[in-house]
Amino acid sequence: MISNDDCSTDGKSLHHNTGNKGSMRTVRVGSRSLPMYPLVIVCLGLLNTVLLLAAVVIGIYSGGVVNEEDPSHHITTEVLLTEVMQLRIMESEANKALEEVQKDMKIEMQTYQKLEQQIEPSKTLSDDLQRQIETLQVERAELQASSSDISDSCGRCPSGWFLLNTTCYFFSNSETIPLKTWPDSRADCIMRGADLVVIDSFEEQVNIYDFLPKLSRGQPWWRQGVWIGFTDIQTEGTWMWVNNVTQPDQGYWIHGEPNNDGTLGEDCAVTVKQDNPTKTWNDANCEELKKWLCEMAPNN
Ligand SMILES: *[C@@H]1O[C@H](CO)[C@@H](O)[C@H](O)[C@H]1NC(C)=O
Ligand SMILES: *[C@@H]1O[C@H](CO)[C@@H](O)[C@H](O)[C@H]1NC(C)=O
């Protein structure tokens, strides 16, 4: 710098000198006079050096700036690029996974539809089976009833009838069979190929007594009883069985019966399960509604 200052002083003086005396070939520096051209060359060389240094410094500085900026810029770009790459990889992986899930779902849906198709007929099948079971249960109940009939009657009486000793009986005890008057009861027995029961022996009297249900406590005994084939409707006081046979003895009337009670009279007989098996007959009005007992000979 000192040399530079010296040189610039020299320069001024040089300039001054050149301005005033262009043809002079020497320059005065202090007490010494130096040749002009080598000094100019040296100054220009120094200036060059200074400029070069400045350029180098600027270059280094700017280079430093560029170098400082570049790596960070570079790093950011690289990071961004790798991130973009990773994101692309992830996206493609996600797409692959989605495709696989969609495939799996398709398969699941197909399996589900197949299962549905399989379940649909098995549903109707189970409905059919349920109906078959119900039908079979009904048939079993019917078979059990008829088998008990058969074991009761050894197959000698029709279904729904029972065998006592040597005779088949039908008793209208079912809830589904309505009560009937004496004439309608007899008509029912005839329709079944039979007639109202004719009690023509002590054994039969006792067998029927044993078979019949006990008296209901809800009604007086004279309102109860089961129609039998015994009537005096043709001739009052002359009791006759439906087979046109008159009772040969006292029979099994309840004490005080028959009394032909009431204004309408009582011309038809019932058997009532009182305490004494030999005292069960009672006369009742033929139009009263009661259960009845049919009788017929067994098949063989
Ligand atoms: C069965 O009937 C026969 C003939 O009808 C009779 O002799 C016999 O006493 C009866 N037995 C019973 C237990 O009713
Ligand atoms: C009983 O008598 C009536 C009339 O007298 C007759 O119609 C009927 O066939 C007779 N019944 C029997 C079983 O003999």
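**A short tour along helix α2 and strand β9**

Start by selecting leucine 129, which lies in helix α2 (helices are DSSP runs of H or I, at least four residues, and strands are runs of E, at least two, numbered from the N terminus). You're looking at a predicted model, where local features need pLDDT of at least 70, side-chain atom pairs count only at pLDDT 80 or more, and totals for chains, interfaces and linings use all residues. Residues are numbered from 1 along each chain as its sequence is written, chains are lettered from A and ligands numbered from 1 in the order written, and side-chain values use heavy atoms, leaving out hydrogens and water.

Leucine 129 is partly exposed, at 44% relative accessible area (buried is under 20%, exposed over 50%, partly exposed in between, with a 1.4 Å probe and protein chains only). Add Leu125 and Ile133: with Leu129 they make a nonpolar surface patch of about 270 Å² accessible area together. Patch members have over 30% relative accessible area and no salt bridge (Lys or Arg side-chain nitrogen within 4 Å of an Asp or Glu carboxyl oxygen), with nonpolar side chains joined within 5 Å and like charges within 9 Å.

Next, click glutamate 108, also in helix α2, residues 36-153. Glutamate 108 is exposed, at 54%, and joins Glu99, Glu100 and Asp104 in a negative surface patch.

Now hop to strand β9, residues 281-284. Which residues sit on each side of β9? Trp281 and Asp283 are on one side, Asn282 and Ala284 on the other, and all are buried. In a regular strand the side chains alternate between the two faces of the sheet.

Finally, add strand β8, residues 268-271, which pairs antiparallel with β9 over four bridges (pairing takes at least two DSSP bridges). Cysteine 268 has alanine 284 as its bridge partner.

Note on methods. Accessible areas come from the Shrake-Rupley method with a 1.4 Å probe; for residues, only the protein chains shown count as cover. Lys and Arg count as positive and Asp and Glu as negative; His and the chain ends are not counted. The place of a charge is taken as NZ of Lys, CZ of Arg, CG of Asp or CD of Glu.
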